[in-house]
Each structure stands twice: as structure tokens, then as C-alpha cells.
Amino acid sequence: MTVVPAKAAPLLIVDDLAVRFPVPRAGGWLAQRQGEVRAVDGVSFSVAKGETLGLVGESGCGKSTTGRAVLQLLRPAAGKVIFDGEPIHEYWRRQGGRWVWESRLRDLRKRLQMIFQDPFASLNPRMTVEAILAEPLRNFGIAAGSQRRERIQQLLQTVGMDPRAIRRYPHEFSGGQRQRIGIARALALGPDLIVADEPISALDVSIQAQIINLLADLRERLGLTLIFIAHDLAAVRHISDRIAVMYLGRIVEMAPAQTIIDQPRHPYTQALISAVPLPDPARERSRQRTILTGELPSPVSPPSGCPFHTRCPLREERCRHDVPVLQQITPGHQVACHLVE
Amino acid sequence: MATTTDTVLEVCDLRTHFHTDDGLVKAVDGVSFSVRRGETLGLVGESGSGKSVACLSALRLVPTPPAAHPSGVIRFAGKDLLTLPERDLERLRGNRLAMIFQDPLTALNPYLSVGRQLTEVLEVHEGATPAAARRAAIEMLTRVGIPAAGQRIDQYPHQFSGGMRQRVMIAMALLCGPEVLFADEPTTALDVTIQAQILDLIGELQASLGTAVVLVTHDLGVVAGTADRVAVMYAGRIVEEGTTAEVFANPLHPYTQGLLASMPRIDTPSRQRLAAIPGLPPDLGQLPSGCPFHPRCQQAGDRCRQAYPEVVIASPTHRAACWETEAVS
């Protein structure tokens with residue numbers, strides 16, 4: 001089920017998406033049979049043009065995997081990903097026993113880009129900034145020679161960097177500046193949709209705000225559609241129009257950003273919000289907290305029924321057996337919980 | 001800060017400098033603070049501010065070289081930890097002074113069972129018999145919330161989740177009932193719901209044992225909920241210090257003000273633009289003249305470029321190092 005905001009046709013529709021990874025069965029490394037982990041299971045959402053959807057959840061909830069499957073950096077096991085009317089999940093073919101992109105998907109890559117979490121790992125240390133930013137342009141035959149250099153210098157200015165940085169190497173920059181280079185690379189081909197996977201979590205506190213503001217500015221200026229993935233609910237809320245909360249591979253709640261914070265309905269969302277520390281001693285010490293007991297279950301052997309029932313303070317008998325479906329409770333607000341009417 | 005009878009640890013003018021290929025790096029440069037029994041001091045700063053090095057130096061855990069021997073005085077139990085013979089210091093470390101680290105996976109020995117690592121503490125420091133040490137270790141693991149501690153004690157660190165590993169670290173640190181616990185970003189590697197559990201646990205154990213905690217963190221939200229007092233570090237120095245209520249209600253230093261304003265919060269209107277601090281934290285090998293924050297400071301004047309600021313005292317417990325702060329206090 002997808003909810004389409006009335007204002008515009010969705011640029012992206014994700015329907016019943018599933019991603020599975022093979023894992024060795026219990027029994028150690030000698031085990032012959034393969035099991036599988038359902039990293040993402042039955043995820044549906046849509047994103048309108050110019051909209052920002054925040055994907056939040058704790059480690060292992062499948063938010064990054066969802067982002068990668070949306071961009072077809074991972075081949076979905078099931079479900080549909082429709083980008084601007086095209087079923088991009090079908091743009092794969094078998095070649096020599098492996099799944100590879102069809103040329104149409106490669107063409108669409110110009111419009112589908114990603115910003116990575118770790119600005120230290122996602123830039124090749126042996127390439128200059130110019131080479132890093134020239135690569136996507138060269139791959140798609142965009143601009144050459146002095147025109148290409150001009151384009152690269154423009155990109156650097158767009159992300160708030162000195163265009164003279166082109167001759168320097170990644171190690172000469174701080175984490176925040178490297179993330180700006182990563183953002184410039186994602187912008188190089190003029191994309192429509194960018195998936196930003198934890199783009200600020202590796203950065204210092206005083207730099208995180210700079211990068212959030214930069215992404216917000218670029219979104220307005222370039223009309224970008226964003227999927228912003230992070231574990232930090234406060235940061236996600238600052239940049240997102242809508243937020244989807246994930247738990248063990250599923251979306252458990254989705255609503256406009258302010259609604260998620262003000263009227264969370266799923267017990268997990270409520271616990272997540274109450275666990276976010278407030279930088280305000282009086283309020284932080286006086287507020288009611290829901291502290292979850294227990295740990296995130298292993299996605300290899302997820303609990304039966306509602307995946308959250310093992311930690312849920314409100315669980316009932318049916319939660320152990322029946323998987324709750326994501327249902328609309330008010331327009332634009334969806335919750336997957338048996339206890340929410 | 002006046003030394004009261006309750007003060008268990010006092011750090012005076014601590015300096016830890018590193019000799020590197022790029023020159024002298026003053027990671028900690030004249031840091032003073034103290035903690036009282038049962039109190040939590042939040043030591044806040046960004047990476048490179050010197051907060052971790054200050055704690056490691058207090059326990060003399062910074063390898064020399066590359067660091068020069070730390071200078072200053074660290075008073076604990078009537079002794080100066082910086083001049084104490086290594087053997088005497090070893091009797092205190094892990095016993096009356098303990099530390100927990102950000103990443104429990106690298107801080108625990110992967111080759112030894114959790115039980116072996118826990119009982120070692122008691123056998124070395126308290127001369128406990130193996131059987132008594134094991135009993136005490138199981139009891140402590142239970143206390144920090146590890147289910148089936150009797151079985152899990154024989155498992156290895158990789159068999160525990162991140163949150164459980166941090167509980168093991170806390171159990172190990174608290175086994176001997178330390179008077180001071182240095183907690184270096186103890187929840188940074190953990191998910192937010194697990195972070196809430198661990199912070200609660202540290203608070204409970206601290207209340208029952210009367211341990212003084214030096215909590216190193218970059219997260220002002222964590223400080224707001226747990227610390228009694230806060231010291232904000234920038235470029236190797238404490239730039240502001242006060243009770244948690246004072247620092248959050250009336251931040252004196254423009255850096256503290258900037259940090260508070262730039263934090264995304266869940267209790268302010270959505271999609272409000274964040275007030276980011278411009279620029280980058282300084283390179284410690286090439287600090288700017290005067291106040292090291294001046295290149296990023298909106299309020300900086302000529303004095304700020306010339307000399308390190310004098311301390312401004314706002315209350316007996318609240319002070320900051322800033323030339324311009326009279327104007328805002």
C-alpha cells in the first residue's frame with residue numbers, strides 16, 4: 001500500500017520491497033546449507049518530487065539496505081521500485097551467472113545518486129578531488145577538457161568549497177569537507193533523486209549542522225528529491241517532510257515529520273523518541289521515558305508475529321502470532337500495530 | 001574550584017603534548033577540573049578537543065613517546081598520580097580508578113572469556129580466590145543486567161551484542177568499587193534505545209557505590225540528562241565550566257552557545273534552519289593566535305586575536321574563558 005501526497009505525482013514508488021541475504025545456517029562455518037536473512041521485508045512507500053523522506057531506525061533495521069535496493073545497488077528479492085514511471089527493479093539481466101544492470105538502468109544512474117556515510121572510505125585516497133569529480137562526468141561523456149574542469153569547479157562552489165581544491169587529495173580535508181566532496185560527486189550528473197545514507201553520523205557535532213543546512217539548501221535550489229537515512233531522529237526530523245520508522249526490516253510507522261514526533265502511535269516509535277536525549281537538563285530529567293528492555297533480535301531468526309513484540313511494553317497474546325500490517329489511521333499516517341485502532 | 005572534603009580527584013593544570021612529524025601538538029594544554037564523591041562531571045567537546053586524552057593522561061595511559069610525560073598535578077587519595085611510581089599506580093588503576101571505553105569490542109580481549117577478564121581484576125587487586133572471584137563476577141554481571149550470567153561468563157566477547165559488551169565493560173570497571181570512573185563516550189557506539197539503558201545503569205550503580213564519574217561525550221543531550229556539572233573543551237582547554245543547569249540555561253562561551261544552537265532537537269519546530277558554527281575545529285599543531293576559537297567566533301574582537309582570554313566568573317561554580325562574554329552574561 002502506498003500513500004501518494006495529493007500535491008504531486010510520486011517520483012518514486014516502492015511497493016512490497018524485499019531484500020534477502022544468504023547466511024550460513026547455525027552449526028558453524030562448516031554448515032553446508034544456506035539460510036537467509038530478510039534484511040528488508042514488505043516495505044512500501046512513495047516519495048513525491050521535491051519531497052524528503054527520512055528513514056530512521058536502529059542498526060540492523062534495514063534502512064541502509066532499503067536505500068541501496070531503491071537505487072538498485074542491490075537487486076531486490078521481491079517487490080517493485082518505480083522511478084519516474086519506469087520499473088527499475090526489472091532492469092537487470094543474467095550474465096555469466098551474475099545479475100548485472102541493463103543499459104537503461106545505467107543511463108538512469110545519472111538521475112539516481114547516493115551520498116555515503118563514511119567520507120573517509122567513500123573517496124579514493126589516490127585520486128585528486130578533480131579526478132574524483134571527473135569520473136562520473138567522463139563515464140557519461142559530459143563535458144571535456146577545460147569545460148569539464150569548469151564544471152568541477154562549479155560543483156565545488158555549489159557545496160561551499162574553494163574551487164582551488166581540485167588539485168588536492170582527500171586526506172588533506174577534514175571529515176566535513178570530505179562529505180562536501182561526496183555531495184559534489186553525487187550532484188555531478190544533475191540527479192533527481194539522492195539517497196543520503198547516514199551522511200552526518202561520522203561528523204563532529206558542529207559540522208553536522210553545516211551539512212544538514214547544505215543538503216536543505218541544495219534541495220531547494222536544485223529541486224532534489226531526497227531519501228535521508230539516519231539513526232538520529234532529531235537530525236532526520238530537521239530535514240524531512242515525512243518520516244518512516246523501520247524495525248527489523250519493516251516500516252512500523254510512517255507520517256509527516258512533525259506528526260511522528262508529536263503523535264507517535266507505534267510503541268517502538270514512542271520508545272525511540274523518548275530515548276533521544278534532549279539538550280535541556282530540566283526537561284530531560286522530568287520527562288516520562290519508555291526505556292525498552294532487551295536487545296534488537298537477530299534478523300536471521302526474527303520473532304514470530306509482530307517483530308517488536310519481544311521488547312514491546314504493551315504486547316498482547318495476538319502480537320506473538322500475527323504480523324500487523326501497515327494501516328492508515330489518519331490521512332498520511334500509517335502504523336503497523338495491533339493495538340492502534 | 002575550591003577543594004572540598006568530598007573531592008575525590010583533582011586535576012590541576014594538566015598538559016599533554018605530543019611530538020609529531022608536524023611539530024608539537026598540544027592535545028591537552030592547561031586543563032583543571034575536579035570531581036566529588038557520587039558526582040558526574042560531563043567533559044564535552046568535539047573530536048580533537050582533548051577530552052579523551054585528558055582522561056587517559058589522568059590515568060597515565062597515554063604512551064610516551066609520542067606524548068611527552070604529562071605535566072601538572074593529579075591529586076587522588078593524597079597522592080599525585082603523575083609522579084607516583086608505576087607499581088603504585090597499577091594498584092590504583094582498575095581498582096580505585098577505572099575506565100570504560102567507547103568501543104567495547106576493541107577494549108575487551110577477544111582471546112579470553114569474559115569471566116577470565118573479570119576475575120583477573122579481583123585476583124590481582126583483591127587477592128580473591130578463583131572461586132570467590134567467579135562468584136563475584138557472576139553477581140556483577142547479573143547486576144549490570146546480563147541474563148543467565150552463570151552461563152554467559154564463559155563466553156567470549158564476540159558472542160555478546162554491542163550493548164551487552166558495554167555492560168561487561170561496566171561490570172569489569174565496577175567490580176572493585178572504584179572511587180572514580182572515567183567513561184569515555186560509553187554509549188556513542190550504541191543505538192539510542194540501548195544508550196538509554198546503559199546511561200540508566202551507570203546512574204544506578206553510581207548512586208549505590210558513590211562513584212564519581214567523569215563522563216566524556218560529544219553529545220550535549222547525554223550531558224543534560226546525566227551530569228551534575230559540565231566542562232566544555234575546545235582545542236585542548238576547558239573554555240567553560242559550570243553546573244549543568246547554569247551552562248545550559250546561560251551558556252557564557254560563544255562555542256558553548258554555538259554547540260547548543262547547532263544541535264538538531266526533537267522539541268523545536270520541524271524544518272527550522274540550524275544555526276551552524278562556521279568553519280572547522282582548528283589543527284592542534286597550528287593553533288590560531290589568541291583565543292583558538294576566534295576564527296569561528298561571530299563575536300571575536302581584536303583582543304581575541306592577540307591573547308588567550310582571561311577567565312570570567314559568573315557564579316562561584318560557573319566560569320568561562322572569553323574576552324567578549326561580559327557582554328552576554
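Author: A disulfide is a pair of cysteine sulfur atoms within 2.5 Å. This is a predicted model, in which local features need pLDDT of at least 70 and side-chain atom pairs count only at pLDDT 80 or more, while totals for chains, interfaces and linings use all residues. Residues are numbered from 1 along each chain as its sequence is written, chains are lettered from A in the order in which they are written, and side-chain values use heavy atoms, without hydrogens and water.

Reader: How do you know that Cys337(A) is not bonded to Cys312(A)?

Author: The closest cysteine sulfur to that of Cys337(A) is the one in Cys312(A), at 6.2 Å, which is too far for a bond because a disulfide needs 2.5 Å. For Cys12(B) the closest cysteine sulfur, in Cys55(B), is 15 Å away, also too far. Over all chains the count is zero disulfides.

Reader: Why is Cys337(A) called buried?

Author: Buried means under 20% relative accessible area, exposed over 50%, and partly exposed in between (1.4 Å probe, protein chains only). Cys337(A) has 14%, so the residue counts as buried.

Reader: What makes Asn139(A) partly exposed?

Author: Its relative accessible area is 45%, so Asn139(A) falls between the two limits. The residue lies in helix α3 (residues 129-139) of chain A; helices (H or I, at least four residues) and strands (E, at least two) are DSSP runs, numbered from the N terminus.

Reader: Why is the pair Glu58(A) and Arg311(A) called a salt bridge?

Author: The term requires a side-chain nitrogen of Lys or Arg within 4 Å of a carboxyl oxygen of Asp or Glu. In this pair the N to O distance is 3.7 Å, so the condition is met. The two residues are 253 apart in the chain, Glu58(A) in the loop between β3 (52-56) and α1 (63-70), Arg311(A) in the loop between α10 (281-286) and β13 (327-330) of chain A. Glu58(A) is buried at 3% relative accessibility, and Arg311(A) is buried at 3%.

Reader: What makes Arg75(B) and Glu10(B) a link between separate parts of the sequence?

Author: Their closest N and O atoms are 3.0 Å apart, in a salt bridge. Arg75(B) lies in strand β4 (residues 71-76) and Glu10(B) in strand β1 (residues 7-20) of chain B, so the pair ties together parts 65 residues apart in sequence. Arg75(B) is partly exposed at 42%, whereas Glu10(B) is buried at 11%. Over all chains the count is 35 salt bridges.

Reader: How do you know how much area is buried between chain B and chain A?

Author: Buried area is the accessible area (1.4 Å probe) that two parts lose on being put together, summed over both. Here the value is about 3,900 Å², with carbon and sulfur atoms giving 55%. Contact, meaning heavy atoms within 4.5 Å, takes in 48 residues from chain B and 45 residues from chain A.

Reader: Which salt bridge joins Arg273(B) to a residue of chain A?

Author: Arg273(B) pairs with Asp217(A), with the closest N and O atoms 2.8 Å apart. The rule finds two salt bridges across this interface.

Reader: Why is Gln197(B) called buried?

Author: At 8% its relative accessible area is under 20%, so Gln197(B) is buried. This residue of helix α8 of chain B touches, among others, Ile291(A), Leu292(A) and Arg311(A).

Note on methods
Lists of a residue's contacts leave out its neighbours within four places in sequence.
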